[in-house]
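Dear colleague,

Please find below the structure I promised to pass on to you. My notes on it follow directly after.

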Amino acid sequence: MSISAADVKKLRDMTGAGMMDAKKALSETDGDFDSAVKYLREKGLADSKKRADKEANQGTIGEYIHFQQDRAVAGVLVELACETDFVAKNEEYIQLAQSLASHALNYSDKDSFLNSEFEGMKVSDKLLEQTGVIGEKIEIGSFEYLESEFVGSYVHAGSKIASIVGLSEKFDNADEVSKDISMQVAAMNPVALDENSVSQEIIEKEIEIAKDQLRQEGKPEEMLDNIAKGKLKKFFKENTLVNQQFIKDNKQSISDYLKSKSENASVTGFARIGLV
């Protein structure tokens, strides 16, 4: 049957498929749109099985901040992974990541997000459909969700690194401050919020690393515990967010910077996704 340009455009708008893929799908299904969408999804499933052993180690990060009146109260970061940087930089692919992030606001964990309805199908099915459309393995990598009294974010140029930060209250310039602290998270990649938030596993690992270094320096065994504790304090200062030196002013810590803007505010949490 003859497939009109208008029908091809309609299917492309529905699925993001390329012109030739959309035209072929309509031809194979006698112009039935529901069947054409299913055809593209099945093609994606077949392509996904073929590409199961491929590495989806490129991608882009979608970011969405939700406002209630004048207050940003929740943030989502979604990694949309693919095989090549060429696809990751495609404007339609970037827009898909943004749309998925906006949709993800209603789901605080990755599994419920993947099983949710998005554009008439499950998110997981949408990814299969796009695998068929794009011809690369497409999947959701990292997924981060954060709620707080005020939430800010930072997305580095190229959307390869993104972060979100929660503050305990909204105050004058909270948007600027939360962005600054999010930038700190993106740049310095802290392991935890403060020393009390560092996992015991990391603490034990750092103590062992310090002791091994001290042994190589010839320090007596009986001195190792005390010296290692000193090195651990330095680790906390350099690797926990509120104790790190502020990248915009290394004369103050993040805690000092926040206190200079609001006496009572604190950082309640943060999340970061980095693809580089």
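How many bridges join β1 to strand β2, and in which direction do the two run? There are eleven bridges between β1 and β2, the latter made of residues 71-82, and the two strands run antiparallel. Please bear in mind that this is a predicted model.

**First sheet.** One bridge can be named: I65 has G75 in β2 as its partner. Both strands belong to an open sheet of three strands, ordered β1-β2-β5, with antiparallel pairing. Because β1 (58-68) and β5 (139-147) each have a single partner strand, they stand at the edges, and one side of each is left without a neighbour in the sheet. On average, neighbouring strands here are turned by 15 degrees against each other, direction ignored.

**Second sheet.** Three strands, in the order β6-β7-β10, form another open sheet, and their pairing is antiparallel. Its edges are β6 (150-155) and β10 (267-274); each has a single partner strand, so one side of each lacks a neighbour in the sheet. From one strand to the next, the twist averages 10 degrees. Strand β7 (residues 161-167) runs antiparallel to β6 and is joined to β6 by six bridges. Within this pairing, V151 has G166 of β7 as its bridge partner. Across β6, β7 and β10 lies helix α8 (residues 174-188), which runs at about 130 degrees to β7.

**Aromatic residues.** Searching the whole structure gives three aromatic pairs. In addition, K10 lies over the face of F33, at 4.3 Å from the ring centre.

With kind regards

How values were computed
Residues are numbered from 1 along each chain as its sequence is written. This is a predicted model: local features need pLDDT of at least 70, side-chain atom pairs count only at pLDDT 80 or more; totals for chains, interfaces and linings use all residues. Side-chain values use heavy atoms; hydrogens and water are left out. Two strands pair if DSSP finds at least two bridges between them. Helices (H or I, at least four residues) and strands (E, at least two) are DSSP runs, numbered from the N terminus. Axes are lines fitted to C-alpha atoms, for helices over the stretch in contact, and angles run from 0 to 180 degrees between N-to-C directions. Rings of Phe, Tyr and Trp (its six-membered ring) pair if their centres lie within 6.5 Å; planes under 30 degrees apart count as stacked, over 60 as edge-to-face and the rest as tilted. A charge sits over a ring if NZ of Lys or CZ of Arg is within 6 Å of the ring centre and within 35 degrees of the ring normal. Contact means heavy atoms within 4.5 Å.
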